[in-house]
Amino acid sequence: LVVGSDISRCPNTPRPACRGYLHKRTQSGFLKGWRKRWFVLKHDGYLYYYKNKKDEGNYKPLDVIKLEGAEVGADTRLGKPFVFKCTPQSRQRMFYFCAISNQEMKKWLEAMEQAVHPVHQNHVWVDVTHHNASLPPLAIKNPECLGLIRQLERNNDVGAQHYCVLKDACIYFYAGIRSTHALGGIYLHGYAITEQTLGSKRSVIEAKPPSEEFKTFYLCADNGADNNRWIAALKTSISKWLPLHQAIHIFMNSPLEETRM
């Protein structure tokens, strides 16, 4: 299942999220030295980096570094302040980064340390969705919408068509209506659903995330009427759920209950 929003990140197993410019040491060919790059540490525990900030979401990253099991820490051997390194578990390569201040370096190291030692503990909601994904499409109880959907990319308005089932703000993708299990799915809790144009298609469903760390999804049914049916169903389904940050805010601001002895 593709993590779409906060609901799949339970409060007791937080995932790090950090983004910003760092200088990365380059040692290949004639490009030895430090290069400024845009880095994004996502909730999946991978560090992505791009040439510029504007490339995030529009182009593939220059590289992706898996942080789980890696070794990270400050490094003073290069004679340059605010340098820290990362050695992935594969040990095929060592990465050196340089921040603009000690505070910035500490922020990155703290976030990376969380990704290095993730706590793998499923929320009950994850168990429910994994169970649903193991079922045939017509076996999911009380579906909120079902039918054929294409998942599109932002730069490509042609995508593979799947039979889809919407249940509790999660879309399950199947190869066909007679499939025995889902190919995958998308959590869309907290997402904003609108109708947009994309390339040659006049009517496309855009699912926009509550924060930049999550992906924007583009979906398209066979016709405008079907798109409207899915849009209405998605909005209704998503509205039943609170994003994690909103639920925490409500909890923290609610009056304390008195305990009677």
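Here is a short chat about reading helices, loops and a surface patch in this predicted model.

Visitor: Let's start with α3. What span should its 16 residues have?

Guide: At 1.5 Å a residue, helix α3 (residues 224-239) should span 22 Å, and its end C-alpha atoms are 22 Å apart, so the two agree. At the N-terminal end, N223 acts as the cap, with a side-chain oxygen 3.2 Å from the backbone nitrogen of A225.

Visitor: Which residues of α3 are buried?

Guide: First the general idea: an α-helix has 3.6 residues a turn, so residues three or four places apart point the same way. In α3, the buried ones are N227, W230, I231, A233, L234, S237 and I238.

Visitor: And α1, what do its buried residues pack against?

Guide: Strands: β1, β2, β3, β5, β6 and β7. The buried residues themselves are M105, W108, L109, A111, M112, A115 and V116. Helix α1 (residues 102-116) reaches 20 Å, close to the 21 Å expected.

Visitor: Now the loops. Which residue has a phi near 50 degrees?

Guide: Most residues other than glycine have a negative phi. N142 is the one you're after, with a positive value. N142 sits in the loop between α2 and β8, and counts as exposed because its relative accessibility is 63%, where exposed means over 50%. D168, in the loop between β9 and β10, also isn't a glycine and has a positive phi of about 55 degrees.

Visitor: Which residues make the nonpolar surface patch?

Guide: L138, L146 and I177, giving about 260 Å². I177 lies in the loop between β10 and β11, and is partly exposed at a relative accessible area of 40%.

Note on methods:
Residues numbered from 1 in each chain as written. Predicted model: local features only at pLDDT ≥ 70, side-chain atom pairs only at ≥ 80, totals over all residues. Heavy atoms only, no water. Helix = DSSP H or I, 4+ residues; strand = E, 2+ residues; numbered from the N terminus. Expected span 1.5 Å × (residues − 1). Buried < 20%, exposed > 50% of the residue type's maximum accessible area, 1.4 Å probe, protein only. Polar contact = N/O pair within 3.5 Å; in protein donor to acceptor, adjacent residues only side chain to side chain. Patch = residues over 30% accessible without salt bridge, like charges linked within 9 Å, V, L, I, M, F, W, Y side chains within 5 Å. Areas by Shrake-Rupley, 256 points an atom, 1.4 Å probe, with all protein chains shown as cover. Salt bridge = Lys/Arg side-chain N within 4 Å of Asp/Glu carboxyl O. Contact = heavy atoms within 4.5 Å.
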